[in-house]
Amino acid sequence: MKRCKVRNPSEIPPFLDWLRIQMQGFNISQMDLKKKLGVSKSTVSLWLNGARLPSAANKEKLAKTLHGLGSNDESYTSTRDELLMACHEQELHRCIKPSS
């Protein structure tokens, strides 16, 4: 299976959407991801709900895990960079989110 490859940085979605796209592309569940990363199910749930971003260590684990699931034509660095851009995009959305 191939993951969603986003080549144009302006097309990178916020992390929570990016992670959902990757999970759907690899057909992995929250439980699968939790096991592969060694985190709790609630941690993955917080990421998918946009309540929290992964720690630096978990970003590295996630990039390595997703890279390992993908095809060999995708470099680890591009997977990691895309993940980091998605996290940054989510932070931007939080900053400009209109108050209710």
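Helix angles under 35 degrees count as roughly parallel. In this predicted model, helices H1 and H4 pack at an angle of about 30 degrees. The two helices are therefore roughly parallel to each other. The structure also holds two salt bridges. One of them links Asp 17 and Arg 20, and Arg 80 pairs with Asp 81 in a salt bridge as well.

**Packing of H1 and H4**

- Helix H1 spans residues 15–26, and helix H4 spans residues 56–69.
- Their axes lie 11 Å apart.
- The crossing of H1 past H4 is left-handed.
- On the H1 side, the contact residues are Phe 15, Trp 18, Leu 19, Gln 22 and Phe 26.
- On the H4 side, they are Leu 62, Leu 66 and Leu 69.
- By class, this contact has seven nonpolar residues and one polar residue. Charged residues are absent from the contact of H1 with H4.
- Gln counts as polar because Gln is in neither the nonpolar nor the charged list.

**Thr 65 in H4**

- Helix H4 also contains Thr 65.
- Is Thr 65 buried or exposed? Its relative accessibility is 17%, so Thr 65 counts as buried. The cut-off for buried is under 20%.
- Thr 65 touches Lys 36 and Leu 37, leaving aside residues up to four places away in sequence.

**Salt bridge in H1: Asp 17 and Arg 20**

- The closest N and O atoms of Asp 17 and Arg 20 are 3.5 Å apart.
- Both residues sit in helix H1, three residues apart. That spacing means about one helical turn separates Asp 17 from Arg 20.
- Asp 17 has a relative accessibility of 31% and so counts as partly exposed.
- Arg 20 has a relative accessible area of 34%, which makes Arg 20 partly exposed.

**Salt bridge between Arg 80 and Asp 81**

- How far apart are the closest N and O atoms of Arg 80 and Asp 81? The distance is 3.3 Å.
- Arg 80 counts as partly exposed, at 22% relative accessibility.
- Asp 81 is partly exposed too, with a relative accessible area of 32%.

**In brief**

- H1 and H4 are roughly parallel, and they meet through residues that include Trp 18 in H1 and Leu 66 in H4.
- Thr 65 in H4 is buried.
- Asp 17 is partly exposed, and its salt-bridge partner is Arg 20.
- Arg 80 is partly exposed, and its salt-bridge partner is Asp 81.

Technical notes. Residues are numbered from 1 along each chain as its sequence is written. This is a predicted model: local features need pLDDT of at least 70, side-chain atom pairs count only at pLDDT 80 or more; totals for chains, interfaces and linings use all residues. Side-chain values use heavy atoms; hydrogens and water are left out. Axes are lines fitted to C-alpha atoms, for helices over the stretch in contact, and angles run from 0 to 180 degrees between N-to-C directions. Helices (H or I, at least four residues) and strands (E, at least two) are DSSP runs, numbered from the N terminus. Angles under 35 degrees count as roughly parallel, over 145 as roughly antiparallel, 65 to 115 as roughly perpendicular and the rest as oblique. A crossing is left-handed if the near helix is turned anticlockwise from the far one by less than a right angle, and right-handed if clockwise. Contact means heavy atoms within 4.5 Å. Buried means under 20% relative accessible area, exposed over 50%, partly exposed in between (1.4 Å probe, protein chains only). A salt bridge is a side-chain nitrogen of Lys or Arg within 4 Å of a carboxyl oxygen of Asp or Glu.
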